[in-house]
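This report examines one protein model. Please view the sequence and the structure before reading on.

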Amino acid sequence: MSCCFRGARVKGKFKESFLLPALSVKPVLTTELPILREKLNPPTPSIYLESKRDAFSPVLLQFCTDSKNPISVIRGLAGSLRLNLGLFSTKSLVEANAEHAVEVRTQVQQPADENWDPSGTGQTWPCESSRSHTTIAKYAQYQASSFQESLQQKTVGKIIKFGTNIDLSDPKRWKPQLQELQKLPAFMRVSSSGNMLSHVGHTILGMNTVQLYMKVPGCRTPGHQENNNFCSVNINIGPGDCEWFAVHDNYWEAISDFCEKHGVDYLTGSWWPVLDDLYRANIPVYRFIQRPGDLVWINAGTVHWVQAVGWCNNIAWNVGPVNSYQYQLALERFEWNEVKKVKSIVPMIHVSWNVARNVKVTDPDTYKMIKHCLLQSIKHIQILRDQLVAGGKKISYQSRVKDEPAYYCNECDVEVFNLLFVTSENGSRKMYVVHCEDCARQRNPNLSNVVVLEQCSMEELMSVYDSFSLVSTTSSSSR
Ligand SMILES: [Zn+2]
């Protein structure tokens, strides 16, 4: 391409979406209202794998990533792949890394379909829990004694502790555990060429690394969509079960409205949906039990909340299959996060360019969406560049180094791509801080004391854009 935006006149702030509505691939679910009560409790898409071969069939990938299936349970996956889940049992974890850090959420035990307000007068949405820290060994002790106590007395409304977000990213500390997960089909693995999160170029803890959860009955993961609407994989290690609730992405705004009504922030707050509220709003809820060895695939954008039925551990991570539905929802949330001033944990512009550089895209819809995003990205950069040059601001080229992370604005958390507005703080020459253009100008309208760094030349970007083409499935085996 040639630089068609050069000299484009832009009045005020240039801000265009990275998405083109005409390219939307969202499914049309149902139009009849009200939905029959039985349709509000749909059966959960489930697969029982007969053999190891079934796990590697392309049909499984199609089933899991079908935009009409918000969530899928692969029954007995661990068994059919002969995964040794014992490596993630509490006993093995203590033996491997007893002193490893565990984040603890203190909660009140209650039935899975109830969430009482603190005064005990009625059901509500907010479900705050306080946070503290412990170690794997200490939580293991708590988990075991909680089990012993339960044999002696039945309790209700007691205070329980949930061991969450235990970081299993270190390949040296968790070698046998992480190796075992390589037995999964490629599209479910923590890392694979078809996974957008493997093209970020750096670690995003809990997303492209494994996290572990240690539970006693009643431990709750409040309602949420994954960061940037990415897919998620969750395996129950056992010995107890987990109960899952899930709602299709199409209804997330309705759920967000409920949160707002109850004074809890949808994106950053903790909430547990009142089921009757959802049914009254004609929102279908998938509800099912995940047994030990079952793998749950949470499709892009699915709102879900989980409660432990028994004593169990779970492992989970995110994946971003390169398909149009995933890509669209990820970019939509990227833009919504900016509106809500919430950080996008996945730097989607950075990822889009890396996918264009490194992935052979075979699906035309996905290709068109990514190509459009790149075009918008080039447009943003060119217009910003021209404005800087016209204002006499020097732009210094500084090429990216290997494993250099994506950048976010220090003030507003928006992703800053390619043109970085850098200041050195506290007079220290070594403490460089990155800002977006808006925040840089807010501090310093004429950008004196701000260095503008360019990480890729326009020529480089345009060359990547031009080289990014749709790969035909017949002429190449890309995945
Ligand atoms: Zn900013």
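## Zinc site, domains and cores

Cys412 counts as partly exposed because its relative accessibility is 25%, whereas Cys436 is buried, with a relative accessible area of 11%. Buried means under 20% relative accessible area, exposed over 50%, and partly exposed in between (1.4 Å probe, protein chains only). The model is predicted: local features need pLDDT of at least 70, side-chain atom pairs count only at pLDDT 80 or more, and totals for chains, interfaces and linings use all residues. Residues are numbered from 1 along each chain as its sequence is written, and side-chain values use heavy atoms, with hydrogens and water left out.

Both cysteines serve the zinc ion, which is coordinated at 2.3 Å by the SG atoms of Cys409, Cys412, Cys436 and Cys439. Donors are N, O and S atoms within 2.8 Å of the metal (3.2 Å for Na, K and Ca). The angles among the four donor atoms run from 103 to 114°, and the site is tetrahedral; this term requires four donors with all angles between 85 and 135 degrees.

The chain is also divided into domains, with bounds from an automatic or database domain assignment.

| Domain | Residues |
|---|---|
| domain 1 | 37-321 |
| domain 2 | 328-467 |

The C-alpha centres of domain 1 and domain 2 lie 33 Å apart.

Among the 60 residues of the largest nonpolar core, Leu184, Met188 and Trp317 touch the most other members. A nonpolar core is a set of buried Ala, Val, Leu, Ile, Met, Phe, Trp, Tyr and Cys residues joined through side-chain atoms within 4.5 Å.

Note on methods: Four donors count as tetrahedral if all angles lie between 85 and 135 degrees; four count as square planar and six as octahedral if opposite donors are over 155 degrees apart and all others between 65 and 115; anything else is irregular.
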